[in-house]
Amino acid sequence: VPEYEPLARAMRRELRTEKLTLPGLKMVNRIYRALKATGDFSALFIHGHVAVYRHPTLWVKAMKVSIKAMFRGEGVADELVAKFDREARSKQLFDSTMWAKFGLRIGGAETEYAIPGMQRVMESRGVVGKPLRALGTVADRANISFGVMGDSLRLQWAQNLLMGELRKGRTMQQLYDSGALREIANSANRMTGWSDEGFGGIGEVLFFAPRFLKARIEQLVYAAEGAGRLVSGKKQTRESKDALEALVVMMGLATGMTEIINLALGNETDRRPWVDGRPNPNFYTIRFLGQDYSLMGPEIGLFHAISNLLNPSRSWHENVMSAYGSLASGAGRIIIDNWTGYTFKGKPAPIGIRRKDPDIGLFAGWQDVAAYLGELVTPIAPQQITEQQQYAIGGLLEGQERAGIRAVGAQLASFIELAGGRVSPTGWGDVRDQIARERY
């Protein structure tokens, strides 16, 4: 038995559970996840977020393949694997088949976000057949684009780690015997948001993207293990070393770039993780053209969830509900919304079991119900872009000060959101405060 068992492995054993036999509920969640995560290039800054800091050259290559897949479709995935295999064999390295045997995820269009029954949609006929096929093509291309982004990053990342070990003088046999090859595959999977198990079957019931969430948590746990080994002087494992290096580089560059950009723009960087007992939404953000940009990617969302869970100023069940709300599956979200009476954006849900507002009552009006159902099935990126345009147009129509600048900022923010970046518009109150500071 090893003297020091990796914490992440212990965590995986604790989280592993028997799969729940709730096919109907799981299907609801799969459809909800697929609808919300389609129609964009979000893989660039979601699954590719760690890589853009740790291996920018690999990220650029994967980005080009991902964008090509959006416009050309399935054949791009085959070309990617074929090209990788040719280069690997010419250098006497592992091809995609060998990496897959050691657990590297190569899924093509089979992603966590694939829409169930897409083939039937693509075969639709009749009056509604053409628009359905058009929508299906967009969703299918977006899913392939998402899949090949991850595949490209994982294959190149694993190959780079392998070449690094070979340069140290280790042989393929030594790497095989020591289990290093599987550890390399696991590291590459984790850094690109893939985990073999998404908390077992219960993850499919509870969480929006269980595999992606589990990969992020595992990365954080392995990084913590790496920090502990560094402090105690113990030898790093492959996985703890990779996770710690990736986290340090990503956080160092993200915070450093935020400080520099804010300094150049004349802004003061908000370094407060918490404000009034709650996670600070402006923590290390860049304010530009009426928008707040975060360079920390999905990790800041996980930080907010953990912060909400540990908030000492609220009861434990309020903390759990607040933390879970940002990670919930489709079914989980519907239950929470209609229990509390409101969505996470504060809009009325169709039913409000605990809603106290007498103007709305137990059942919301048909306009609120229609808005809720529409938001439930609208992809995240198009929805955010629509909100940005409404925000910009509203400011112009109301004659708000600096509305023109904010309208330009809304276009930039829409582009960033389409690629999976984290952006939020500043409130008009924030703008007035900033104008007052500049004038007085």
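**Exercise 1. Salt bridges**

Task: How many salt bridges does the structure hold, and what does the one between R54 and E245 tie together?

Solution:
- This predicted model holds 20 salt bridges.
- The side chains of R54 and E245 meet in one of them, at 2.8 Å from N to O.
- R54 sits in helix α3 and E245 in helix α13, so the pair ties together parts that are 191 residues apart in sequence.
- R54 is partly exposed, at 26% relative accessible area. E245 is partly exposed too, at 29%.

**Exercise 2. Pairs inside a helix**

Task: Are R229 and E225 buried or exposed, and which helix holds them?

Solution:
- R229 forms a salt bridge with E225, with the closest N and O atoms 2.8 Å apart.
- Both residues lie in helix α12, 4 residues apart, about one turn of the helix.
- The cut-off for buried is under 20% relative accessible area. R229 has 5%, so R229 is buried. E225 has 1%, so E225 is buried.
- Now take D337 and R333, which form a salt bridge. Both lie in helix α16, 4 residues apart. Both are buried.

**Exercise 3. The core**

Task: Which helix gives the largest share of the largest nonpolar core?

Solution:
- The largest nonpolar core has 48 residues. Among those with the most contacts inside it are W99, W157 and L181.
- The largest share, 9 residues, comes from α8.
- A second, separate core has 9 residues, including L213 and Y324.

**Exercise 4. The surface**

Task: Where does W316 lie, and is W316 buried or exposed?

Solution:
- W316 lies in helix α15.
- Its relative accessible area is 66%, so W316 is exposed.
- W316 helps make a nonpolar surface patch of about 610 Å², together with L220, I306, L309, L310 and V320.

Note on methods:
Residues are numbered from 1 along each chain as its sequence is written. This is a predicted model: local features need pLDDT of at least 70, side-chain atom pairs count only at pLDDT 80 or more; totals for chains, interfaces and linings use all residues. Side-chain values use heavy atoms; hydrogens and water are left out. Patches are made of residues with over 30% relative accessible area and no salt bridge: like charges are joined within 9 Å, nonpolar side chains (Val, Leu, Ile, Met, Phe, Trp, Tyr) within 5 Å. Accessible areas come from the Shrake-Rupley method with a 1.4 Å probe; for residues, only the protein chains shown count as cover. A salt bridge is a side-chain nitrogen of Lys or Arg within 4 Å of a carboxyl oxygen of Asp or Glu. Helices (H or I, at least four residues) and strands (E, at least two) are DSSP runs, numbered from the N terminus. Buried means under 20% relative accessible area, exposed over 50%, partly exposed in between (1.4 Å probe, protein chains only). A nonpolar core is a set of buried Ala, Val, Leu, Ile, Met, Phe, Trp, Tyr and Cys residues joined through side-chain atoms within 4.5 Å.
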